Amino acid sequence: MSLLDVFRSPPTEIPAAPAPGELAISATGVTVKLGGKAVLRDVDLPVKAGEVLALVGPNGAGKSTLLAALAGDLDLDGGEIILGGEPLNQWKAEELALRRAVLLQQVQLSFPFTVLDVVQMGRAPWSNTAASAFDDERVSAAMLATDVTAFSARKFSFLSGGEKARVALSRVLAQDTNILMLDEPTAALDLRHQELVLQVARARAEAGRAVVVVLHDLNLAAGYADKVAVLEQGRLAALGTPNEVLTEGLLSRVYQYKIDVMAHPMSGRTVVLPRR
């Protein structure tokens with residue numbers, strides 16, 4: 001079994017995942033104000049099981065705010081988010097932890113936990129449930145998938161920025177929920193580990209899970225996402241497949257910089273490049 005196979009297998013825990021193509025979570029008219037300023041304005045966004053949805057856009061466009069709203073970590077100033085047929089704000093924190101796992105941009109720990117300790121924290125929501133029988137399997141698979149097994153005994157605080165990012169990702173993978181939310185998971189990583197993270201995201205989607213990932217690298221979005229949501233000044237500028245959305249005209253307008261979009265001469269894959 002390859003190190004990604006366990007993430008392609010059907011969910012073993014409860015609650016059951018929606019069927020591929022069905023809504024896992026949906027936002028309607030979502031508006032969020034921070035410090036009196038509207039950071040998100042009237043955003044409609046369906047998140048479907050079996051898909052990787054990439055949130056892209058320039059700095060300050062509202063990507064991380066939208067992810068936090070979808071995770072239930074921010075109060076809404078307008079609109080509604082539905083999870084499992086119920087308003088998101090009706091779920092208790094412990095119930096949400098069984099349904100979605102969230103990777104934040106930065107993870108701070110105050111105590112000298114080892115890498116293994118941190119990854120095992122991802123299994124905490126499943127304690128005292130039948131799913132706890134899978135704890136060791138899920139922790140081991142998550143560590144293999146993120147390439148952190150070799151330093152499992154090291155203290156988290158002594159790791160490099162990239163190593164910490166991979167351990168944090170390993171923790172949310174071990175949580176093994178039907179919805180995976182990742183906020184810039186490739187930001188501190190080298191090229192190999194950037195690809196590995198998105199391969200894991202794709203494997204999760206292939207297993208029927210829903211994956212929402214904030215990305216700055218438009219080529220990663222083009223290569224791995226099923227759908228791309230482009231945010232512009234807090235509004236949803238476009239939503240569709242990478243080929244539908246990642247166009248020269250739209251990207252040049254949103255990023256306020258001339259961008260070329262072409263097919264790679266050998267693979268045929270979409271390539272996004274700033275004009276120089």
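## A tour of two sheets and their helices

Start by selecting isoleucine 82 and proline 87: isoleucine 82 stands opposite proline 87, which belongs to strand E5. You are looking at a predicted model, so take the tour in that spirit.

**Stop 1: the four-stranded sheet.** Widen the selection to E4, residues 78–83, and you will find two bridges joining E4 to E5, with the two strands running antiparallel. Now bring in the rest of this sheet. It is open, has four strands in the order E2-E1-E4-E5, and pairs in antiparallel fashion. Which strands stand at the edges? They are E2 (37–48) and E5 (86–87); each has a single partner strand, so one side of each is left without a neighbour in the sheet. As a reminder, strands of a sheet pair through backbone hydrogen bonds, either parallel or antiparallel.

**Stop 2: the helix across that sheet.** Keep the sheet on display and add helix H2, which lies across E1 (23–34), E2 and E4 and runs at about 60° to E2. Colour H2, residues 63–71, by accessibility: eight of its nine residues are buried, so the helix is largely enclosed by the rest of the structure. The buried residues are Lys63, Thr65, Leu66, Leu67, Ala68, Ala69, Leu70 and Ala71; do pause at Lys63, a lysine in that buried set. Then step on to glycine 72, which follows H2 and has a positive phi, near 85°.

**Stop 3: the six-stranded sheet.** Next, select E6, E7, E8, E3, E9 and E10. In that order they form an open sheet of six strands with mixed pairing. The edge strands are E6 (100–103) and E10 (235–240), each pairing on one side only. From one strand to the next, the twist averages 15°.

Zoom in on E7 (residues 179–183) and E8 (residues 210–214): the two run parallel and are joined by five bridges. For a landmark in this pair, pick aspartate 183, which stands opposite valine 214 in E8.

Two helices to add here pack on the sheet. Show H6 (residues 161–175) and you will see it touching E6 and E7, with a direction that makes about 180° with that of E6. Then show H10 (residues 248–255), which touches E3 (52–56), E9 (227–232) and E10; the direction of H10 makes about 35° with that of E9.

**Stop 4: two loop residues with positive phi.** Where is glutamate 184 found? Look in the loop between E7 and helix H7 (191–206). Glutamate 184 has a positive phi of about 50° although it is not a glycine.

Now move to the loop between E9 and E10, where glutamine 233 has its place. Glutamine 233 also has a positive phi, near 50°, in a residue other than glycine. Is glutamine 233 buried or exposed? Its relative accessibility is 57%, so glutamine 233 counts as exposed, the cut-off being over 50%.

**Stop 5: zoom out.** Finish with the whole chain, which has ten helices and twelve strands. Its C-alpha atoms fill a box of roughly 50 × 45 × 35 Å along the principal axes. Why does the chain agree with a compact globule? Because a compact globule of 276 residues would have a radius of gyration near 19 Å, and the chain has 18 Å. Buried residues make up 48% of the 276. Switch on the surface for a last look: the accessible area comes to about 13000 Å², with 52% belonging to carbon and sulfur atoms.

How values were computed. Residues numbered from 1 in each chain as written. Predicted model: local features only at pLDDT ≥ 70, side-chain atom pairs only at ≥ 80, totals over all residues. Heavy atoms only, no water. Pairing = 2+ DSSP bridges. Axes fitted to C-alpha atoms, helices over the stretch in contact; angles between N-to-C directions. Contact = heavy atoms within 4.5 Å. Rg over C-alpha atoms; globule rule 2.2 N^0.38 Å. Buried < 20%, exposed > 50% of the residue type's maximum accessible area, 1.4 Å probe, protein only. Areas by Shrake-Rupley, 256 points an atom, 1.4 Å probe, with all protein chains shown as cover.
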